Amino acid sequence: MDNKKPKKPFYALPENIPTSAQIVNAARSSLRTFDTKRPNTPREEQRHLFPTSTNRAPETRPPSAFSLTSRHFEGPDSRPVSGTRLSPLDYHPKPISPLDCENILVPRPPPIDLSKAPARRGSGNRSKLPSSGEGSESSLIRSGQGDELTYTECSGEKATIGSSDLSEDSFDAKTSLPSGNAGDSRESSAGSQRSHCDGNVDVPSEPEDVYTRDVEPLVVELSSLKKKDCNRIYELAGLLYDALDKHNCLTKQFEHRANLLKTIFKLLDVEEPRVVLKLVRLILAFKVAGNNLLNVCKLIFKIGRSDKNDIYFLEDNLLNLLLETIRATDVTHSWEALIYLVGAVKFLTGNADILKRLAKLDCIKTLALLMHSINKVNGNSEKPGEHFGHILVQLTAALRNLADTSSGRDRFLTHNVIDGLVLVMETYSGDSDLMMYISRILSKSTLHTDCCSVLANLPQFYKAFVSLLKRHLMKDDLVVRLCFVIGNLTIKNDAARLKLFHENNSIETLLLILKTYLELDQQGRTRAYGPEEDLSGSVDKGETQVSKVEDVLIKVMRVIANLTINEEVGTAISKNSEFMKLLLKIIDEKDIIHHEEVIINAVVAINNLSYYIINNQSQIGLQLNIAQSLLKLLMINNMEGILEAARVFGNLTRHKQVRDYLSQNKVDAIMVTLLDSNNRELVYIACGVLINFMLDEEKRPILKKEGGIKKLLEVLRDFGKEDWQLSACVCKVLVNYSCRIHSSTNSFGQEEAIELSELLTEYIDKDMALGESLANVDDDEMKEYIEDVWHEEFYSIGSQLLKRIVSHLSPLEPLEAPS
């Protein structure tokens, strides 16, 4: 029995593992939870806008393949085409007579105080300005005060208009204005006013000198290049960006923005993606809008579809610009552009290097803000926008990948991602693509206790969960993940168990899933829908692959087992005999060799339900059926199966008729044999079953006959001081066994009785029993726990057994019967 000795005592605090108190209490509870593997999500080999299995009709979703050339790009910021042709107005202008012109009243301009006019730089070049009599063409000048523009006639008279009256689209390249906003870091353009009267040269200024010296040569050369000059375009685009960025010219107000964009647009037909992305970088930095924003997002999406281009997205600050564009884009007006831009980000999160970079740039915050914006717009609308659902599919797919990053969980909690996802679940419950991605995110995040707590405290989640399961019952990929998520919530959180139980139709829905997928399994189906799976291979060496249908059964049985930990829930579910019938059918129809995880989960659920079976005649038939179904697990060399079956027998042997049935099938002898196991937990469970068997006087002789006394003595000696709960369990078996004792020697054997009395004498002495254990523990709470376990679990029953053995231990040898 020396090989049973553990490497270190059970009370030692292991790293990153719960304390021994938690381990022992969880492992040795009559009721069991069960962990299971997260559903596997194979990575798609090709990148698509929507999943290949999408239910979206082609006519209702944006195209993922399109033709895009430089001709699709228009002026600096053209608006998207509405797609509706307007009929011409029935209007015929009436000629104006000279008499009408005379009658027109023109308001006089306000007087101008020239003494208050600000001094302008470049005054030494005033000789180049046209005189008041040269030409009548007007020009626009920024006053330098806020966003006010000054409309200047060559005669010197001025009329003021607000910036809101003029859109950027109203100006051509010659009249575009440099920034005068306080938000721009460069100087106001008040000193660089220009006049276009009769085509005269503008007044030279500092920004103009910058453009002429640093920018214009690059633009001129860039405009002269052809598509074949890829390397030079690539180089010049980088230099141009640096020059513009250096002088804070990458703004919508930059005077030459329109001409620059036209030059860049013409080069977008170049075939090399790395060169196109250099040009895209400039376009995004200029914050284009309308059709140009849509087309540049499509271009980014098109390049991002090939993972061969991923490396180019790591260059410069392109990823920063992508996230800035998402943050700056109005979701209500430019939703189509966001579909493609967020779709491109989704593609890029599939690259490990880019994923790390995006995580550092807090991509999760950017996507969370977008999701919250969509939820807010939907909340203020009568009906949620279908087009927003297209964005959310891309967004949640990206979040799914970002959830794996080291900082992902913390940022999910910081930016309320889980709250937002649950709101999306309520709003778009019919969108199976979107629900799939959300279920994948929650499958990952609920592996952590803090995320489980957040989700469990959202009342609307339980309603959404039940609704989704009913609505998408035959979508096994979605059902299996939803069940995995709720299984994670209910494994430790008792409040979550009650909330789910009290949700309308929750238990009925779980029963429906169990029944539906068991029927599919009996039909030999591996999928609830779609093509059947090829299960001929294996995931790992020695591991049988589980079908989608079986995986749903595993996950839903885990939910049932976790729910029944709560007494109120367990009592209610145990009264529904349909659950037990379906679980027993699984045990009867499958073998543990090929379906181990399915069988184990079924047995765990049966164990928890059997705990609540009351001891009356109406329930005996059900208990005997359970015992009969589980007997086969004891005959197979599968330690997990034997352990879980023994747990159930621990519940069932509380009833005399079940004990009789199991004894007839040698289960009591099997439990004695299991005392030799190296699995301490299995030894503990075997002792628990034997405690119940020893209640019947006619079953006690089997313990000594099968060598059980010696085996229990060895367990007590080997594990005594290291596991007081197990030691107490051994003493309980012996107390029940010896309740009608007349002689300790006859009952236990002479040597066994003496050794038992010596061991128990030592174990009930606190100093001798705990001295070494307490000396090796520094934590006061752990010391207190060890003392409490020894005193509450062992001391009383150990003292009782010792007193019985000593009081019936006689030094006299029994007389031999006369011949």
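## Surroundings of Arg281

In this predicted model, Arg281 touches Gly238, Tyr241, Asp242, Asp316, Asn317, Leu318 and Leu321, when residues up to four places away in sequence are left out of the count. Among these neighbours, Asn317 also takes part in a polar contact, in which its side chain and the side chain of Arg281 come to 2.7 Å.

Arg281 itself belongs to helix 6, which spans residues 273-285. Is Arg281 buried or exposed at this position? With a relative accessible area of 6%, Arg281 counts as buried, because the cut-off for that class is under 20%.

## The loop holding Asp404

Asp404 is found in the loop that runs between helix 13 (386-402) and helix 14 (408-414). From this loop, the side chain of Asp404 makes a polar contact with the side chain of Lys444, at a distance of 2.6 Å.

The backbone can be followed in the C-alpha positions of Asp404 and Ile441, which lie 37 residues apart along the chain and are separated by 9.3 Å in the model.

## The protein as a whole

The secondary structure of the protein consists of 37 helices and three strands, and of its 819 residues, 50% are buried. Where contacts have a separation of 6 or more, 75% of them in the protein are between residues 24 or more positions apart.

The surface that the protein exposes comes to about 40,500 Å², and carbon and sulfur atoms supply 50% of that area.

Conventions
Residues are numbered from 1 along each chain as its sequence is written. This is a predicted model: local features need pLDDT of at least 70, side-chain atom pairs count only at pLDDT 80 or more; totals for chains, interfaces and linings use all residues. Side-chain values use heavy atoms; hydrogens and water are left out. Helices (H or I, at least four residues) and strands (E, at least two) are DSSP runs, numbered from the N terminus. Buried means under 20% relative accessible area, exposed over 50%, partly exposed in between (1.4 Å probe, protein chains only). A polar contact is a pair of N or O atoms within 3.5 Å; within protein, one must be able to donate a hydrogen and the other to accept it, and residues adjacent in sequence count only if both atoms are side-chain atoms. Contact means heavy atoms within 4.5 Å. Accessible areas come from the Shrake-Rupley method with a 1.4 Å probe; for residues, only the protein chains shown count as cover.
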